[in-house]
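These are my notebook entries on a single protein chain. I set down what I looked up and what I found.

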Amino acid sequence: MAMSSSSSVSTATIMPRTSNRVDEIMGNTLKQEQVSPPGDGGADYDHFFWTYTEEPHRTRRQAIIKAHPEVLKLCGPEPLTFPLVLAVVTLQILCAYLLRHTPVLSAPFLLAAYIIGATANQNLFLAIHEITHNLAFKSPLANRLLAILANLPIGIPYSASFRPYHLTHHKSLGVDGLDTDLPTALEAWFLDSVAGKAFFATFQILFYALRPMMVYQLPLTWIHALNVVAQLGFDFLLVKYAGGRALGYLILSSFLAGSLHPCAGHFIAEHYVFGQQSRAQDAAAAKQAAPEETYSYYGVLNYLTYNVGLHNEHHDFPAVPWTRLWKLNAIANEFYRDLPCHHSWVGVIWQFVLDKEVGLWCRVKRSQGGRKVGGTGGHGQPMN
């Protein structure tokens, strides 16, 4: 499954591209701005990479379709997603039941939660991600209901809320105030240390859960209500018939899935800029070009995570399901082979925490463009 390339990068360093193929269709420019918050005496604190062009995936998607129109045949639901979700949901319920009498602080409980539970729940996180794009069934309603089912072993209702926030992330990649995947300036400033980044990496699931509601709020719908009712009903029945430890196993699994776990490396690997401008061989040229804002990973952990590592491919074609992303890469390989990528999600976490040149500031932002999906309009844009 791994793909090699001369410009593929180790996790330690992201090197400049060896080809200008993507530059020819992008033409990005960058400015690293510093913005002073009100009332702080004018102290510079904003070190995000601010760019003034549209997000790159739409441009590359159009170029790929022009060069390889057959890629459009890859779009559409993947029937395998449904039975796979059922299998993982069943596995987690079985594990929760089997651990119902096991002390929470015992080695068997903690190891099961980390090795089996966190891996399974990360798989379900990414199943919900896949289903969010309507890639399990043709029917939107069937996809919403399957997402609620996949949500059950996670222990906390979130699938209905995740969908509009995540689709907005695609429509508004890097747009400040819309893309809730972006850390806020307060987060980046407060956690700008090895200890702060270690804290973020340990509790990143909480940041991803709480940040969206603090950036903007969505109106509640009947699918949100159904998600909450179904989850609370499941949790109640699980506690009634298997005890509190069974539910504790599921919630601990969810926490560990978004903490210091190998599969959790994808959260950081996808959009954080690891190749700082100062590391480029030609610093003057680097200052004129925006860094890549999406990075793929082609390693074995894709087997457990719906191929979410193929993240450039996913953002270029969100309608291509997980089973066909490798085919997309093969067809349009000239567009992907020279892009920088990660070789290790574990290495990503390690470097993120310890490398002083990598941190929460290392995200590309834009101040305009994009639109929300769901809710009321913003940034002068109509809503879906």
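The entries below run from the whole chain to its voids, its aromatic rings and a few single residues.

**Entry 1. The chain as a whole**

I note at the outset that this is a predicted model. I looked up the secondary structure and found 17 helices and five strands in the protein chain. I then asked what share of the chain counts as buried. Of its 384 residues, the figure is 53%. For the surface, I recorded an exposed area of about 16800 Å², of which carbon and sulfur atoms supply 65%. I also looked up how far along the sequence the contacts reach. Taking contacts between residues at least 6 apart in sequence, I found that 76% join residues at least 24 apart.

**Entry 2. The largest pocket**

I turned to open space and asked what volume the largest pocket has. The value is about 1200 Å³. Its lining comprises 37 residues, and those nearest the pocket centre are Tyr-158, Phe-162, Tyr-208, Ala-209 and Pro-212. I next looked up which helices contribute to this lining. At least two residues each come from α4 (107-132), α6 (159-171), α9 (204-215), α10 (222-242), α11 (244-257) and α12 (265-269). I sorted the lining of the largest pocket by class and obtained 23 nonpolar, twelve polar and two charged residues.

**Entry 3. Enclosed cavities**

How many cavities of 30 Å³ or more does a search of the whole structure find? I recorded two.

The largest cavity has a volume of about 50 Å³. Its lining consists of His-129, Glu-130, Leu-135, Tyr-306, Asn-307, Val-308, His-314, Pro-318, Val-320, Pro-321, Trp-322 and Leu-325. By class, I counted eight nonpolar, three polar and one charged residues in the lining of the largest cavity.

The second largest cavity holds about 40 Å³ of space. I found it lined by Leu-173, Gly-174, Asp-179, Leu-182, His-271, Glu-293, Arg-363 and Val-364. The lining of the second largest cavity divides into three nonpolar, two polar and three charged residues.

**Entry 4. Aromatic rings**

I looked up ring pairs and found 17 aromatic pairs in the structure. One of them joins Tyr-298 and Trp-326, with the ring centres 5.7 Å apart and 55° between the planes, a tilted arrangement. This pair links distant parts of the chain, 28 residues apart: Tyr-298 sits in the loop between β3 (296-297) and α14 (311-316), and Trp-326 in helix α15 (residues 325-331). I then checked the burial of each partner. Tyr-298 has a relative accessible area of 6% and is therefore buried, whereas Trp-326, at 22%, is partly exposed. The cut-off that separates the two is 20%, since buried means a relative accessible area under that value.

I also noted a cluster held together by ring pairs, whose members are Phe-199, Phe-200, Phe-203, Phe-207, Phe-255, Tyr-272 and Phe-352.

**Entry 5. Ala-242**

I located Ala-242 in helix α10. Is this residue buried or exposed? Its relative accessible area is 11%, so Ala-242 counts as buried. Not counting residues up to four places away in sequence, I found that Ala-242 touches Tyr-97, Arg-100 and Leu-237. Arg-100 is 142 residues from Ala-242 along the chain, yet their C-alpha atoms are separated by 5.8 Å.

**Entry 6. Gln-231**

I stayed with helix α10, where Gln-231 also lies. Its relative accessibility is 0%, and Gln-231 therefore counts as buried. With neighbours within four places in sequence left aside, the contacts I recorded for Gln-231 are Asn-151, Leu-152, Gly-155, Ile-156 and Pro-157.

**Entry 7. Tyr-165**

I placed Tyr-165 in helix α6, one of the helices I had listed for the lining of the largest pocket. Tyr-165 counts as buried because its relative accessibility is 9%. Which residues is Tyr-165 in contact with, leaving aside its neighbours within four places in sequence? I recorded Thr-180, Pro-212, Met-213, Tyr-216, Gln-217 and Leu-218. Of these, Pro-212 had already appeared in my entry on the largest pocket, among the residues nearest its centre. I also looked up Leu-178, which is 13 residues from Tyr-165 in sequence; the C-alpha to C-alpha distance is 8.5 Å.

Technical notes. Residues are numbered from 1 along each chain as its sequence is written. This is a predicted model: local features need pLDDT of at least 70, side-chain atom pairs count only at pLDDT 80 or more; totals for chains, interfaces and linings use all residues. Side-chain values use heavy atoms; hydrogens and water are left out. On a 1 Å grid over the protein atoms alone, a cavity is a set of points where a 1.4 Å probe fits but cannot get out, and a pocket is an open set with protein on both sides within 12 Å along at least five of seven lines; lining residues have an atom within 4 Å of a point. Grid points are joined across faces, edges and corners, and a volume is the space filled by probe spheres set on the points. Ala, Val, Leu, Ile, Met, Phe, Trp, Tyr, Cys and Pro count as nonpolar, Asp, Glu, Lys and Arg as charged, and the others, Gly among them, as polar. Helices (H or I, at least four residues) and strands (E, at least two) are DSSP runs, numbered from the N terminus. Buried means under 20% relative accessible area, exposed over 50%, partly exposed in between (1.4 Å probe, protein chains only). Contact means heavy atoms within 4.5 Å. Accessible areas come from the Shrake-Rupley method with a 1.4 Å probe; for residues, only the protein chains shown count as cover. Rings of Phe, Tyr and Trp (its six-membered ring) pair if their centres lie within 6.5 Å; planes under 30 degrees apart count as stacked, over 60 as edge-to-face and the rest as tilted.
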